[in-house]
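Trainee: I'm new to this one and would like a close look at a single part of it. Could you take me through the stretch with the unusual backbone spots, and then show me how it sits in the whole?

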Amino acid sequence: MKLVIAQMKHETNTYSPVPTPLARFAHGSDTPPEGSAAIAAYRGTGTALGAFIELAEAAGAQFTVPIAAGAWPSGPVHDRAFDHIAQRICDAVARGCDGVLLDLHGAMVTQSHDDGEGELLRRIRAIAPNVPIAAAMDMHTNLYDAFAQRVDVIAGYQTYPHIDMFETGQRAGRALLAQLQRNAKPTMAWGRQPMLPHVMRQGSDDSPNRELQARCREMEAQGALCATVFVGFPNADIEYAGLSAVVVTDNDPALARRWCDELLEMAWSQRAEFVYEVKPLAESIAQAKAFAAAKPAGSGPVVLLDHSDNCASGGTMDTMTVLGAILDAGLDDVAAFAIFDPPAVQQMIAAGIGAPVTLSLGGKLDMPAIRLKGEPRSVSGTVRLICDGLYRNQGPMARGEMNDMGPTAVLDTGRVKIVVISNHVEPHDLAAFTAVGIAPERQRYVMLKSRIHWRAGLRPLAHAVVECAGTGVCTSDYATLAFKNVRRPIYPVDPM
Ligand SMILES: [Zn+2]
């Protein structure tokens, strides 16, 4: 048995001004890892690719990994980057194989294609019309027919924060192996609802996504090969942004259809629960102060979430609105993770550890798509730490995967320790803090540019959580996003 195993992962925020060339997938090299380098980077990690490699080795299969290309969310993927990645995968398939296992995102938009994954599949099917293909997908998939029609098996993450990437790879991989080894016949049904669940309401610990995902797992226990609800990614102005479901059964298309429809109806009936109410920032800061004043000594930090600017949803991580409010309010004993500002890092490196500096911090990127000008803020302090910004996730999310913040420095204002980074990284892992010498559990406050993923590694530490509406391309305000291409009507943008 010969398998092609590959990764092509990017969640595209079509409003983001951050470009997505091939280098963003390459993590410091010229191109993303291929072959033995890709296997070495992902073997043993808690990712779908890691699961595919483990399954292939356990099955005694021959396999190749032509490319492992994953990048933090940002603007539309450059055509040259997409062509490079797709070509590597197509070349491997063209050399001949019995099955293909793909670790995809599902919300990739390229300069030329709203449905990057669908275009990849179109190219693969032009070479191999009948080879079995299974895909592990992110829960934020925006599902297009052109993609779903061309794969045999789809399995999506069932957790947000995404702590089941490995298990999702196992479910997709096992269904493909069942097809190859036991003559299982995957039969798939999929569908969409005209609704845009808000990301802040999508956590799988929270209702209604908790119940939707539980029902998916129940269907799998009752015999579905894979059952998935994709909550979708709304910061993408494309026709099929939004919620969808996919059920794969073994040779029972009617059951796949019935279960898929059940999931879609369940989601639609709960649509109001997916709507998020934004609170004024001043109210959030006041609430954080009240929590801090009342918290017992030794309890964990009050977490302030700057949820309009998280890079795992394509945020630039350089808006200063929430951090500015924290500085203005005089909050003390704060750690802030993080501000993306490579020139500010270079200024701190030039000054050296212990040196006083005044930075024009953040606000380097304009965001024309949401009519926002970058606004740096003058911040003074002492350079506390300088490092290379490399750390390995300790989990539970993407355990073992390497992260690269690029050259990184910590500015200490006396009240606030600000981590300043040169590559986008969302703080979902405790190692992001230990890499810069900060123990978040000992802080009075921790500011995170995150929406839901921070829960994976940091929620157990938090005494209380306050959601802070800042500015950025992950805005919670659908009016600001002013959809032009999303199909209409769609809930809750339009009356339904
Ligand atoms: Zn996701």
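Mentor: Let's start at Pro396, which lies in the loop between strand S14 (390-392) and strand S15 (402-404). The peptide bond from Gly395 to Pro396 is cis, and its omega is near 15°. Keep in mind that this is a predicted model. Most peptide bonds are trans, and most residues other than glycine have a negative phi. With that in mind, let's look for other spots that break the habit.

There is another cis peptide bond between Phe337 and Ala338, with omega at about -5°. Ala338 belongs to strand S11, which covers residues 334-340. Now step back along the chain to Asp333, in the loop between H10 and S11. Asp333 is not a glycine, yet its phi is positive, at about 65°. Its relative accessibility is 31%, so Asp333 counts as partly exposed; the partly exposed class sits between the 20% and 50% cut-offs.

Helix H10 itself runs over residues 321-329, and Val322, Leu323, Gly324, Ala325 and Ile326 in it are buried. Right after H10 comes Gly330, again with a positive phi, near 70°.

Arg371 is also worth a stop. It sits in the loop between strand S12 (356-361) and strand S13 (377-387), and its phi is near 55°, positive in a residue other than glycine. With a relative accessible area of 56%, Arg371 is exposed.

Now for a bit of what comes before H10. Helix H9 spans residues 281-294, and Ala294 is in it. Ala294 has 64% relative accessibility, so it counts as exposed. If you want a feel for distance, take Ala294 and Pro368: they are 74 residues apart in sequence, and their C-alpha atoms are 42 Å apart in space. Ser299 is in the loop between H9 and strand S10 (302-306). At 19% relative accessibility, Ser299 counts as buried, because the cut-off for buried is under 20%. Leaving aside residues up to four places away in sequence, Ser299 touches Glu441 and His463.

Contacts across the sequence like those lead us to the whole chain. Among contacts with a separation of 6 or more, 76% are between residues 24 or more positions apart. The protein chain has 14 helices and 19 strands, and 61% of its 496 residues are buried. A compact globule with 496 residues would have a radius of gyration near 23 Å, and the chain has 22 Å, which agrees. Along its principal axes, the C-alpha trace spans about 65 × 50 × 40 Å.

Aromatic rings give you one more way to see distant parts meet. The count comes to 4 aromatic pairs. In one of them, the rings of Tyr144 and Tyr240 have centres 5.1 Å apart and planes at 85°, so the pair is edge-to-face. Tyr144 is in the loop between strand S5 (133-137) and helix H5 (145-148), and Tyr240 is in the loop between strand S8 (226-230) and strand S9 (244-250), so the pair ties together parts 96 residues apart in sequence. Trp268 and Tyr491 also form an edge-to-face pair, 6.3 Å centre to centre with 70° between the planes. Trp268 lies in helix H8 (residues 253-269) and Tyr491 in the segment after helix H14 (478-481), so this pair ties together parts that are 223 residues apart in sequence.

Note on methods:
Residues numbered from 1 in each chain as written. Predicted model: local features only at pLDDT ≥ 70, side-chain atom pairs only at ≥ 80, totals over all residues. Heavy atoms only, no water. Helix = DSSP H or I, 4+ residues; strand = E, 2+ residues; numbered from the N terminus. Rg over C-alpha atoms; globule rule 2.2 N^0.38 Å. Buried < 20%, exposed > 50% of the residue type's maximum accessible area, 1.4 Å probe, protein only. Contact = heavy atoms within 4.5 Å. Phe/Tyr/Trp six-rings, centres within 6.5 Å; stacked < 30°, edge-to-face > 60°.
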